[in-house]
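Grab a coffee and open the model next to the text. Here are a few exercises, each with a solution worked out step by step.

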Amino acid sequence: MMQCSTTQGNKPLRAVVLYTSGHIGSTVALNLLDTAPEVEIVGMMRAKPIPVTKKGESTLKKYLHKIGYRFALTLWLQWWVARILIRLSSLLPNSHLALVPIMKIAKRKNIEVVECPNINTPEAAEFIRKHNPDIIISAFFSQLIEKEVLHLPKHGVWNIHPGYLPKYRGALSYFWVLKNNEKKAGVTIHKMDEGIDTGGILERKEFRIPEKATQQQLLVEAALIGARMVQRLVRKLQKNGKLEYIDVSQEPEQYFAMPTEADFNHYRKVRAYYRITDIAKIILVGIKNRRMRKSHSFKLVMKSFL
């Protein structure tokens, strides 16, 4: 059991949010958390998918060798398509329905945002201390976090993991559930420790995988559900003064590494990795209309938006 005493009553918990630039999951989660009365975002730390450093270049080369250039190009195109569509959506009629770029949220609420090449540095720790958060929320952050940072906020670092733990630890859980022909995907909120997707599980949920779903659709659903679970956990913490971990000691645990080139090629024989129309639909509809997000008709979404 995690004992989290709080004397704040129903005042919102102060949160520093960690996110990855250009990540659709980060954007979706931040759009919902921005509207959550239980959470006051007091600072944001933005990471790149791979840090632009000598170490980052070395990591990139290793990634390319492992996943292959075709998979890497697919990931790169998907990232750029999402970035471009999010920016363009704000120029269209009814743009209030669409996803809002994270930097626009920060500017509107005067939230300080810093680039974060490495979360485990004195500079990063100083930024966190300056904003004195009750919790840190990791919203699809691309870096491992060491114990010095994990212990800074009063209630720890909560991670939105797009997989059902402990069954789907590791990278791109939404890729693996599709490749493994699962009927359901999942999302978990856990209090992070120094392991990879370990630490106490605070809440988790499974959801049905739609027919012909892409990993992009599962990621967005996980981000939405995960952000709502963060809200519920904050309310529970405010009410009870503590949170309890879910006992998973008797459940099977499995870790999935980054998919290899062979994994990706096998996946592509069965289903599409992503569809531009699906990304556009998610961005245009935003977080407010679940029925339209699940609509199979992109024309219907465009008609409603315009």
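**Exercise 1.** In this predicted model, find Trp-76 and Trp-80 in helix α3 and work out how far apart they sit in helical turns.

*Solution.* Start with the helix: α3 covers residues 69–89. Trp-76 and Trp-80 are 4 residues apart in it, which means about one helical turn separates them.

**Exercise 2.** Are Trp-76 and Trp-80 stacked, tilted or edge-to-face?

*Solution.* First, recall what you need: a pair of aromatic rings is described by the distance of the centres and the angle of the planes. The structure has 12 aromatic pairs to choose from. For Trp-76 and Trp-80, the ring centres are 6.4 Å apart and the planes meet at 65°. Rings pair if their centres lie within 6.5 Å, and planes over 60 degrees apart count as edge-to-face. So this pair is edge-to-face.

Next, check the surroundings. Trp-76 has 48% relative accessibility, so Trp-76 counts as partly exposed. Trp-80, with 34%, is partly exposed too.

**Exercise 3.** Now classify the ring pair of Phe-264 and Tyr-273, and say whether these two residues are buried or exposed.

*Solution.* The centres of the two rings lie 5.7 Å apart with the planes at 75°, so Phe-264 and Tyr-273 are edge-to-face. Both residues are buried. Then follow the ring pairs outward: they link Phe-264 and Tyr-273 into a cluster with Phe-71, Tyr-168, Phe-175, Trp-176, Phe-256 and Tyr-267.

**Exercise 4.** Which residues make the nonpolar surface patch of about 710 Å²?

*Solution.* The two tryptophans from the opening exercises, Trp-76 and Trp-80, belong to this patch. Add Leu-73, Leu-77, Ile-84, Leu-88 and Leu-91 to finish the list. Take Leu-77 as a check: this residue lies in helix α3. To join a patch, a residue needs over 30% relative accessible area. Leu-77 has 36% relative accessibility, so it counts as partly exposed.

**Exercise 5.** Which residues gather in the patch of negative charge on the surface, and where along the chain do Glu-146 and Glu-194 lie?

*Solution.* The members are Glu-146, Glu-148, Asp-193 and Glu-194. Place Glu-146 in the loop between β4 (135–139) and α6 (147–150). Glu-194 goes in the loop between β7 (184–191) and β8 (201–208). These two residues are 48 residues apart along the chain, yet their C-alpha atoms are separated by 5.7 Å.

Last step, accessibility. Glu-146 has a relative accessible area of 41%, so it is partly exposed. Glu-194 has 55% relative accessibility and therefore counts as exposed.

Terms used
Residues numbered from 1 in each chain as written. Predicted model: local features only at pLDDT ≥ 70, side-chain atom pairs only at ≥ 80, totals over all residues. Heavy atoms only, no water. Patch = residues over 30% accessible without salt bridge, like charges linked within 9 Å, V, L, I, M, F, W, Y side chains within 5 Å. Areas by Shrake-Rupley, 256 points an atom, 1.4 Å probe, with all protein chains shown as cover. Salt bridge = Lys/Arg side-chain N within 4 Å of Asp/Glu carboxyl O. Lys, Arg positive; Asp, Glu negative; His and termini not counted. Charge placed at Lys NZ, Arg CZ, Asp CG, Glu CD. Helix = DSSP H or I, 4+ residues; strand = E, 2+ residues; numbered from the N terminus. Buried < 20%, exposed > 50% of the residue type's maximum accessible area, 1.4 Å probe, protein only. Phe/Tyr/Trp six-rings, centres within 6.5 Å; stacked < 30°, edge-to-face > 60°.
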